[in-house]
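Q: Could you take me through the empty space inside this protein, and tell me what lines it and what sits in it?

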Amino acid sequence: MNTQVIEFIRPVKPSAAPQRWSVPDVEALFNLPFADLLYRAQQVHRERFDPNAVQLSTLLSIKTGGCSEDCGYCPQSAFHNTGVENRKMLEVSEVVKAAKAAQDNGANRFCMGAAWREPSEGDMEAVVEMVKAVRGLGMETCATLGMLNDAQTAQLQAAGLDYYNHNLDTSPEFYGDIISTRDYQDRLDTLERVRNAGMHVCSGGIVGMGENLTQRAGLVAQLANMEPYPESVPINNLVKVEGTPLADTPDLDPLDFVRTIAVARITMPSARVRLSAGRQQMSDAVQALCFLAGANSIFYGEQLLTTGNPEAERDRALLDKLGMYPFADKH
Ligand code: SAM
Ligand code: DTB
Ligand code: SF4
């Protein structure tokens, strides 16, 4: 069909240049009166999504502990004494069993996480089998395996991986206070490779690590200015694990966590914003505020990677109480 005819039937709007967010702009959002911020976030959310639908992802640690990176928040780093053992990779059959159980429980996405700086060739062979098998169940697949090169992104894309999770974690300015074994640019490079290989990008960060407001705004600005911004944005509240350097960080005010969700929603309107780690320590009321602020995805199932998450039953009860329901992504 002639494109001019198509344009006549459905006028194509000239595509507006993507909005750039300066750090002061993002900081100004954080500083809005709470009700104004949530109202704006709700408006943006309702323009793009069913506000009562939430996407459910289940996580599985396919390779736990003994990681060669020194991320200050992470219980799986070999640099910290947290009691997390260095285990060998799970068998494909164990992963499929866990994915089936997650699917039976109502999850539509299954995310496989590994405590690696980057996967080796042998690791990749096994992960490719896992991705194919989980995809074969009809679930969306996600993996988080550390840094990737071009050959690895191509392998994962060919295996049918839907999303790759790789978090920026914090702002460029604060990053060096938290991690010394790789730099910010490494993270951005991996995300670009994932994007170029044609997979969906899942990238977010952690708040409550002692960052100041400008640094928190800096993380959101980095994510929002990616072209395009990630399809999935996990916002984690630091889970303080004994033995990590961040174990004694003062608690973040829960309302500041809610604000972060709202600012992510406003700056990345079409992204699925995930209320991620830290839910076990949150009241139902704070979680409800997060949904009101535009969160529309959660990790579902009693375990994150090495730490706990609310029981599926408790989550179903919470969603029920709020009149919310699971939503399956279509892409
Ligand atoms: N090793 C890979 C990597 O770092 O990219 C993948 C797994 S790593 C555990 C995935 C993400 O989990 C990290 O980027 C971080 O955002 C999050 N995370 C790890 N420990 C956390 C904690 N204690 N609290 C909140 N989020 C955490
Ligand atoms: C993400 O942003 N959070 C998840 C997932 N992506 C891989 C991991 C949270 C880990 C919390 C600490 C743990 O359980 O070890
Ligand atoms: Fe390793 Fe990932 Fe933990 Fe960093 S966050 S120590 S890379 S498992």
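A: Happy to. One term will help first: the helices and strands named below are DSSP runs, numbered from the N terminus, with at least four residues for a helix and at least two for a strand. Please keep in mind that this is a predicted model.

Let's begin with the enclosed space. The structure holds one cavity of 30 Å³ or more, and the volume of this largest cavity is about 800 Å³. Its lining is made up of 39 residues, with Tyr73, Cys74, Gln76, Asn167 and Leu305 lying nearest the centre. Three strands each supply at least two residues of that lining: E2 (109-114), E3 (140-144) and E7 (232-237). Sorted by class, the lining has 22 nonpolar, 12 polar and five charged residues.

Now for what is inside. Ligand 2 sits in the largest cavity, and the space taken by ligand 3 is the largest cavity as well.

Around ligand 2 you will find Leu59, Pro75, Thr144, Asn165, Asn167, Pro234, Asn236, Phe299, Leu304, Leu305, Thr306 and Thr307. This shell divides into six nonpolar and six polar residues, with no charged ones. Some of these residues come up again when you look at the oxygen atoms of the ligand. A side-chain N or O atom of Asn167 is 2.8 Å from an oxygen atom of ligand 2, and a side-chain N or O atom of Thr307 is also 2.8 Å from an oxygen atom of this ligand. Leu305 takes part through its backbone, where an N or O atom lies 3.0 Å from an oxygen atom of ligand 2. Taken alone, ligand 2 exposes 410 Å², and the protein buries 88% of that.

Ligand 3 has its own set of neighbours: Cys67, Glu69, Cys71, Tyr73, Cys74, Ser77, Ala115, Trp116 and Arg182. By class, the shell around ligand 3 has six nonpolar residues, one polar and two charged. Tyr73 and Cys74 from this shell are also among the residues nearest the centre of the cavity.

Finally, there is an open space to look at. The largest pocket holds about 490 Å³ and is lined by 24 residues, with Thr58, Leu59, Leu60, Ala98 and Gln303 nearest its centre. Strand E1 (53-63) and helix H4 (92-105) each supply at least two residues of the pocket lining, and E1 gives the most, with six. The pocket lining divides into 13 nonpolar, seven polar and four charged residues. Leu59 links the two parts of this tour, as one of the residues nearest the pocket centre and one of those surrounding ligand 2.

Terms used:
Residues are numbered from 1 along each chain as its sequence is written. Chains are lettered from A and ligands numbered from 1 in the order in which they are written. This is a predicted model: local features need pLDDT of at least 70, side-chain atom pairs count only at pLDDT 80 or more; totals for chains, interfaces and linings use all residues. Side-chain values use heavy atoms; hydrogens and water are left out. On a 1 Å grid over the protein atoms alone, a cavity is a set of points where a 1.4 Å probe fits but cannot get out, and a pocket is an open set with protein on both sides within 12 Å along at least five of seven lines; lining residues have an atom within 4 Å of a point. Grid points are joined across faces, edges and corners, and a volume is the space filled by probe spheres set on the points. Ala, Val, Leu, Ile, Met, Phe, Trp, Tyr, Cys and Pro count as nonpolar, Asp, Glu, Lys and Arg as charged, and the others, Gly among them, as polar. A residue is near a molecule or strand if one of its heavy atoms lies within 4 Å of it. A polar contact is a pair of N or O atoms within 3.5 Å; within protein, one must be able to donate a hydrogen and the other to accept it, and residues adjacent in sequence count only if both atoms are side-chain atoms. Accessible areas come from the Shrake-Rupley method with a 1.4 Å probe; for residues, only the protein chains shown count as cover. A molecule sits in a cavity or pocket if more than half of its atoms lie within 2 Å of its grid points.
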